[in-house]
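Grab the structure and work through these exercises at your own pace. Each one sets a task and then walks through a solution.

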Amino acid sequence: MAVKALAPVLILLGTSLTPEVSPVKTTRPTSDSNLYKRDKRNEIVSALADAAAPELQGAASEMPPAVRQDNATTPIASTGPRRAREASDRSLLRVVSHELRTPLNSILGFSEILATELYGPLGAEQYRQYAEIIHSSGEKLLKLVNQVVEIARLQTGDVEFDIQLEPLAPIFETLADGLHARLAAQQLRFQVTACGDLEARFDSRSLRCVLSNLLQNAVAFSPDGGAITVSASAADGILEIIVANDGDGVDPADLPRLLRPFEQGENALIRHAEGAGLGLAICDLTCQAMGAQLKLVSARGEGFSAHILLPTG
């Protein structure tokens, strides 16, 4: 199961997950590139679904007794086609998530042991370098798997939120956690404007994730020596958080596409960084699920900013 589910993802993403040791020539359409990408994504979904099908057949037997009893007393047919489909989607999501993450954890763990030569020298230096490449590639693939699973959970409504009136200050105090090394490497100036006693209604964990994704995006597309700013203000029952950078910016016509899963506009924001185009889509879906809104503002040569609009009451 694990090999079948993992194989199509590795085949499609192999060229982006490994360094360019030697060029590999592939035949791809020179036109209709968007259609080609869409077809490849459909192939992945079909392959994962086919691989997961045998596991889904036995899913009911692995459920806790209480859950099995609930299912037995509530026929699937009575819930309607839509709810039945949603239940099937959630089951598929759980199976695929487990079957992809489990072998990846082993790959990451053992490749790290080899790369650090924990149990002694490997011999030739190339072996250690290869282990580092395997570990780096595994991390990229795990990030992609996590993003795809998160997109699916958000789209199926399989995410629970604890939305309450919360102060913004504790969120702002930890914004730079985990970014110090990248900020220093690019000599970026990072400024957070004090938010005082501002409050809004949001799920604390989810807002932290959204801001973390937006900040990683800002770092990735900021020029060396550039600046990233985070500010907040409230007016007319709305609290607005702005994450801005002074990068090249993008064409305003491309902004709506950047909020769609896997959609990548033809602009500098996309071409200069790795990724599958899921980060902003996850932020947008998370904001919608919290009753908030995400707006993107940019123009070529004028930087890029993301605006989170949260209700204050």
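**Exercise 1. Work out how E6 and E7 pair, and place the pair in its sheet.**

Start with the pairing itself. In this predicted model, E6 and strand E7 (residues 304-311) run antiparallel to each other, joined over 6 bridges. For one concrete bridge, take Ser298: its partner in E7 is Phe304.

Next, zoom out to the sheet. There are 5 strands in an open sheet, ordered E2-E4-E5-E7-E6, and the pairing is mixed. Strand E6 (293-298) sits at one edge and E2 at the other, each pairing on one side only. On average, and ignoring direction, neighbouring strands in this sheet are turned by 15° against each other.

Last, look at what packs on the pair. Helix H12 (residues 279-289) lies across both E6 and E7, and its direction is about 140° from that of E6.

**Exercise 2. Find which residues line the second largest cavity, and which elements supply them.**

First, the count: searching the whole structure turns up 2 cavities of 30 Å³ or more. The second largest has a volume of about 40 Å³.

Now list the lining. It consists of Leu214, Asn217, Ala218, Val243, Ala244, Asn245, Phe304, Ser305 and Ala306.

Then map these onto the fold. Helix H9 (204-220), strand E5 (238-245) and E7 each give at least two residues to that lining. Phe304 turns up here again: this lining residue is also the bridge partner of Ser298.

**Exercise 3. Describe the surroundings of Asn213.**

Begin with its place: Asn213 is in helix H9. Its relative accessibility is 24%, so it counts as partly exposed.

Now skip the neighbours within four places in sequence and see what is left. Asn213 is in contact with Gly279, Ile282 and Cys283. As H12 covers residues 279-289, you can look for these contacts along that helix.

Finish with a distance. Asn213 and Leu278 are 65 residues apart in sequence, yet their C-alpha atoms are 10.0 Å apart in space.

**Exercise 4. How many disulfides are there, and what is the nearest cysteine sulfur to Cys287?**

Apply the cut-off: a disulfide needs two cysteine sulfur atoms within 2.5 Å. By that rule, the count is 0 disulfides.

Check Cys287. The nearest cysteine sulfur belongs to Cys283 and is 6.6 Å away, and Cys287 is in no disulfide.

Then check accessibility. Cys287 is at 0% relative accessibility, so it counts as buried. Cys195 is buried too, with a relative accessible area of 9%.

**Exercise 5. Look at the positive phi values of Glu117 and Gln187, and say where each residue sits and whether it is buried, partly exposed or exposed.**

Recall the background: most residues other than glycine have a negative phi. That's the reason to give these two a second look.

Take Glu117 first. Its phi is near 50°, positive although the residue is not a glycine. Glu117 is placed in the loop between helix H5 (80-115) and helix H6 (125-156). With a relative accessible area of 30%, Glu117 is partly exposed.

Now Gln187. This residue also isn't a glycine, and its phi is positive at about 55°. Gln187 is in the loop that links helix H8 (180-185) to strand E2 (189-192). Its relative accessible area is 61%, so Gln187 is exposed.

Conventions: Residues are numbered from 1 along each chain as its sequence is written. This is a predicted model: local features need pLDDT of at least 70, side-chain atom pairs count only at pLDDT 80 or more; totals for chains, interfaces and linings use all residues. Side-chain values use heavy atoms; hydrogens and water are left out. Helices (H or I, at least four residues) and strands (E, at least two) are DSSP runs, numbered from the N terminus. Buried means under 20% relative accessible area, exposed over 50%, partly exposed in between (1.4 Å probe, protein chains only). Two strands pair if DSSP finds at least two bridges between them. Axes are lines fitted to C-alpha atoms, for helices over the stretch in contact, and angles run from 0 to 180 degrees between N-to-C directions. Contact means heavy atoms within 4.5 Å. On a 1 Å grid over the protein atoms alone, a cavity is a set of points where a 1.4 Å probe fits but cannot get out, and a pocket is an open set with protein on both sides within 12 Å along at least five of seven lines; lining residues have an atom within 4 Å of a point. Grid points are joined across faces, edges and corners, and a volume is the space filled by probe spheres set on the points.
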